[in-house]
Amino acid sequence: MTSLKFISVLAAIAATTTVAFAASSVATVDTAKGQVLAGDNGMTLYTFKKDAADVSNCYDKCAANWPPFIAKADAVAGGAYSIVTRKDGGRQWAKDGKPLYYWVKDSRKGDITGDGVMGVWDLARP
């Protein structure tokens, strides 16, 4: 029975460690519309309604205005966070299967000017 508890504790620690590493580039920021996710630069993250689960459909001019939240080469996914492989070969963070993006018109931490743009952009929530 003791070894079963020990294994359970180790499994819980391993899961937490993976999630923490995967989410280390993500922060929570308070805004006028409540808490939102932000990248490691403190800028608000968004989701795109035209994306499929774990698939980005934002390229070219779209990606110029809505830069993808890039996952570094050594990034490890875990928990609610996954890594999407973009068609250009880049790696992009996703939460709950929704790829994450910045908005070029946000200029400082807590800006949420991209929320609701063209009816297809939403704030990424914790």
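A disulfide is a pair of cysteine sulfur atoms within 2.5 Å. In this predicted model, Cys58 and Cys62 meet that definition, with their sulfur atoms 2.0 Å apart. The structure holds one disulfide. The torsion about its S-S bond is -105 degrees, and the link of Cys58 and Cys62 is left-handed. Cys58 has a relative accessible area of 0%, so Cys58 is buried.

Cys58 also leads into the interior of the model. The largest nonpolar core has 15 residues, and Cys58 is among the members that touch the most others, along with Tyr46, Phe48, Trp66, Tyr101 and Trp121. Three elements give two or more residues to this core: strand E2 (34–38), strand E3 (46–48) and strand E7 (121–123). A second core, separate from this one, consists of twelve residues, including Leu37, Trp93, Leu100 and Tyr102.

Trp121 shows how parts of the chain come together in the larger core. Leaving out residues up to four places away in sequence, Trp121 touches Tyr46, Thr47 and Phe48. Both cysteines of the disulfide, Cys58 and Cys62, are touched by Trp121 as well. Its other contacts are Trp66, Tyr101, Gly114, Asp115 and Gly116.

The residue before Trp121 in the numbering, Val120, is found in the loop between strand E6 (98–99) and E7. Val120 has a relative accessibility of 14% and therefore counts as buried. Beyond its neighbours within four places in sequence, Val120 is in contact with Thr47, Phe48, Lys49 and Lys50. Thr47 is 73 residues away from Val120 along the chain, yet the C-alpha atoms of the two are separated by 8.2 Å.

The next residue to consider is a charged one, Asp51, in the loop between E3 and helix H2 (61–65). What is the nearest side chain of opposite charge to Asp51, and how far away is it? That side chain belongs to Arg86, 6.9 Å away, and Asp51 has no salt bridge although it is buried. A salt bridge needs a side-chain nitrogen of Lys or Arg within 4 Å of a carboxyl oxygen, so a distance of 6.9 Å does not qualify. A polar atom of the Asp51 side chain does lie 2.6 Å from the backbone nitrogen of Asn57. Apart from residues up to four places away in sequence, Asp51 touches Ser56, Asn57, Cys58, Pro99 and Tyr101. Two of these, Cys58 and Tyr101, have already appeared in the largest nonpolar core.

Other charged residues are paired, and the structure holds five salt bridges. One of them brings the side chains of Asp115 and Lys33 to 2.7 Å, N to O. Asp115 lies in the loop between E6 and E7 and Lys33 in the loop between strand E1 (27–31) and E2, so this pair ties together parts that are 82 residues apart in sequence. Asp115 is partly exposed, with a relative accessible area of 25%, and Lys33 is partly exposed at 43%.

Another salt bridge joins Asp122 and Lys49, at 3.8 Å, N to O. Because Asp122 lies in strand E7 and Lys49 in the loop between E3 and H2, this pair ties together parts that are 73 residues apart in sequence. Asp122 counts as partly exposed at 26% relative accessibility, whereas Lys49 counts as exposed at 53%.

The side chains of Lys95 and Asp96 also meet in a salt bridge, at 3.0 Å, N to O. Here Lys95 counts as buried at 14% relative accessibility, while Asp96 counts as exposed at 52%.

Terms used: Residues numbered from 1 in each chain as written. Predicted model: local features only at pLDDT ≥ 70, side-chain atom pairs only at ≥ 80, totals over all residues. Heavy atoms only, no water. Core = buried A, V, L, I, M, F, W, Y, C linked by side-chain atoms within 4.5 Å. Buried < 20%, exposed > 50% of the residue type's maximum accessible area, 1.4 Å probe, protein only. Helix = DSSP H or I, 4+ residues; strand = E, 2+ residues; numbered from the N terminus. Contact = heavy atoms within 4.5 Å. Lys, Arg positive; Asp, Glu negative; His and termini not counted. Polar contact = N/O pair within 3.5 Å; in protein donor to acceptor, adjacent residues only side chain to side chain.
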